[in-house]
Amino acid sequence: MRVKRPLCAAAVIWAAAIWLLGKAGVPFFSCTSPALPEGVKDEKVLVTGIVYQKDIYETITNLYLKKTNLIIRNKEYPIDNIKLTIENEILTDPTGQGDMAAAWGEVEEIPEAANPGQFDEKIYYYARKVKWYMDGEEFQVLRKERDMVLAIQGRIKEKLARGIQKVFGSEKSGIMEAMVLGEKGNLGQENKLLFQIMGISHVLAISGTHLSVLGWGLYKVLIKCHLPIKASGIFAAVAMVFYGGLTGNQAAAVRAVIMFGVSVGALLGKRTYDFLSALSLAAILILAESPLYLYDSSFLLSFGAILGLAAVHPVLFPPKRKRSSRNLTGRILSGFEQGVCSSISVWSILLPITLYFFCELSVWGFLVNLLILPTVGILLISGLAGGILGLFPAVFPGQIVAIPGIVLIESYIQGGKFLQELPVFLWITGRPQLWQCGVYYGILALLLWTKSRIQKQNSGKKKILLKKEYIPKWFPAGSLAALGLSLFLLFFRPLEGSLKVTFLDVGQGDCACIQQEPGRCYLIDGGSSSVSKAGQYRILPFLKEQGIRQIDGIFVSHMDEDHVNGIMELLEMSRDRKTGLKIDRLFLSKCKETEKQREKLEKAGKEAGSQIFYMKKGSVVKKENLKILCLSPEEENMESNEGSQALLAEAEGFSFLFTGDIEGRGEGQLLSICQEEGITCDILKVAHHGSRNSTSEELLNVIRPEAAVISCGEDNLYGHPHQELLRRLEDRKIQIFQTENTGAVSVVLEKEKIQVSFQYGKSMVE
């Protein structure tokens, strides 16, 4: 049988081969860490390379180096690309794209995601050919403009950025730089969030929209200037290749450049341009150069959107033969109808991808896209023209052409702020399993195939489009039922076991999550002294991945920063409506030493709409079969660590003991209570990150845990966990899980067993 679109079949086969080879652990197709020359690990070395990307921030600069070499005893050892982070005060030697540079520092492996839902740096950077981090202590430019093309692109980019800043002002230039130049360093977290709330983050990425507007716009201008068609097409294609490189050669931009080049080639060669074949060719070329893009959200979203327009739209909304309306109202209605159809087609493909990578949906994103997408072309032209004219001494012309862009950006910002105040704006959905995504796509493909077959049969019988009498009676009702089933399965989030307790890896800090039902949980602590913004980048992503929309209560063991700063972030984000997460209650304990910190947290809780309760010895929180009993503190005048809350969580005959940073007098009182009441536990959260002064032999002899979890950061300043503590656990044959080694540790109650799982495997505690 002849394959009508061989490139489409080749793309599918190539993607499947990449997945299988990756599962087999073949280095080029997986995230297997590359090896360094012997003796280099954990040592400071000299590295040379060409700067191909530069991101400047307030205190640091990130330089990305390619054609990189390690210099060891006057010998060069080629290694993969490096992301070099260097403090701005050290970067005294000005550098730009294309420069050959040298740096001195320690080369480190890129870490994997430590928790479910956390951004996976390793996959992200490996897909972009960056496989090492380096903190530079010394830096020097060896040769200016070693790569002339990169240098020219860098200079143009910097000049356009200055022009944009000049005519758009500091507030709006960050958005325009992201849209026109792919430069997001000045975008700002607030603007990122607003675009996310509106469901239009894709507007900030260089994509096919940019190439369609700029590429074909340039082509038409050249034609109007009486340049030959062939020369115009070639010049426009080369210009778009250069523009793609200038904006960073991200997957969406490269895909758009390839497809634009194919369309120009078809035009010049007087051949038919096939959308799906061009898309498949782009996928094959990008994945051949970097197979790990197969797991990258930007790649999948970019290709998914185009696939929706190319494969879904023609089947769901076949073209109708009707005269186009000449009046304005008719044109608006026709455009709105076309926008709705296009959005449905795109989102039919993107929905599982969005849920899988972001675990939440913009409730109003569908409507906002209909209103905003028609204006993106105007915004791009205004931004590019403003950036060019802003380079001239006379500011007025640049400011004039920037007016449409300024008005549109302001309307975007105000629209985002309006949506932010609505009762529901972001819906946390959780991450679907791959089988759920597979079932959804399988049902969608079956429905599209069936409808396509019916259309072909009808067109064969009569030279007209689909008519009701040729549709089987079962098809509309059956297709709706199948689609409803696929959506139900896609959003279905059953809880693992009857109870799930997860000890998150927050670096040098503590955070545990207790789940008893889908969509809700209790948290015990949440903070870190070694990880920046642990609440925003580790705790909240985990909650979203689990589909948790409501925290029934947060227990705060004590007020040290490594237990509470992440909670403060969650409260502030909930208060400022930067997340759809709701926090019902805070369970605090009084301690005279940290009274000011407690008052600050209590105030933040009230502003976020949370109720405040105080826990002490004997306090109980119950929900269904879960009971959380507070064993300490008894008094308010203990030191902060001594007065930590000690909580015993019990469900279905299993128990977990959470001890905060308890030690000294506090641990002595806890020991007495456990002895008097015969309290034991199955899982112990070891106190004070494994300090030698906590979790004494006497306490271990009384509570007799089967397993112990130690939450601490890798290579922390305190030397946690201490060897004395580890020996106490090992002597009693207690199974030890350390979050710095395992990542998040999840404990699931399943019938009469406890299943302990973490990032690198599973074990059973009977």
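**Exercise 1. Describe the packing of H5 with H6.**

Solution. H5 crosses H6 in a right-handed sense, meaning that the near helix is turned clockwise from the far one by less than a right angle, an anticlockwise turn being left-handed. The model is predicted, so local features need pLDDT of at least 70 and side-chain atom pairs count only at pLDDT 80 or more, while totals for chains, interfaces and linings use all residues. Residues are numbered from 1 along each chain as its sequence is written, and side-chain values use heavy atoms, with hydrogens and water left out.

Step 1: the axes of H5 and helix H6 (residues 229-246) come within 9 Å and cross at roughly 145°. Axes are lines fitted to C-alpha atoms, for helices over the stretch in contact, and angles run from 0 to 180 degrees between N-to-C directions. Helices (H or I, at least four residues) and strands (E, at least two) are DSSP runs, numbered from the N terminus.

Step 2: on the H5 side the contact (heavy atoms within 4.5 Å) includes His-210, Leu-214, Leu-218 and Leu-222; on the H6 side, the residues include Ile-229, Phe-235, Ala-236 and Tyr-243.

Step 3: by class, the contact of H5 with H6 has twelve nonpolar, four polar and no charged residues. Here Ala, Val, Leu, Ile, Met, Phe, Trp, Tyr, Cys and Pro count as nonpolar, Asp, Glu, Lys and Arg as charged, and the others, Gly among them, as polar.

**Exercise 2. Characterise H11 and its packing against H5.**

Solution. Step 1: the 25 residues of helix H11 (residues 365-389), at 1.5 Å a residue, should span 36 Å, which agrees with the 34 Å between its end C-alpha atoms. The expected span is 1.5 Å times one less than the number of residues.

Step 2: at Thr-375, H11 bends by about 40°, the bend being the angle between axes fitted to the seven residues ending there and the seven starting there.

Step 3: helix H5 (residues 208-224) packs on H11 at an angle of about 65°, with the axes 10 Å apart. The two helices H5 and H11 are therefore roughly perpendicular (65 to 115 degrees; under 35 is roughly parallel, over 145 roughly antiparallel, and the rest oblique). The crossing of H5 and H11 is right-handed.

Step 4: Thr-209, His-210, Val-213 and Leu-214 of H5 meet Val-376, Gly-377, Leu-380, Ile-381 and Leu-384 of H11. This contact of H5 with H11 comprises six nonpolar, three polar and no charged residues.

**Exercise 3. Determine how H3 and H12 are arranged.**

Solution. Step 1: helix H3 (residues 148-181) and helix H12 (residues 396-420) have axes that come within 10 Å and cross at roughly 60°. H3 is therefore oblique to H12.

Step 2: H3 and H12 cross in a left-handed manner.

Step 3: in H3, Val-167, Phe-168, Lys-172, Ile-175 and Met-176 take part, and their partners in H12 include Ala-402, Ile-406 and Glu-410. The contact of H3 with H12 has eight nonpolar, three polar and two charged residues.

**Exercise 4. Locate the backbone features in the loops.**

Solution. Step 1: Ser-632 and Pro-633 are joined by a cis peptide bond with omega about 15°. Pro-633 lies in the loop between strand S17 (626-632) and strand S18 (646-651).

Step 2: the bond from His-720 to Pro-721 is also cis, with omega near -10°; Pro-721 is in the loop between strand S21 (707-710) and helix H20 (723-731).
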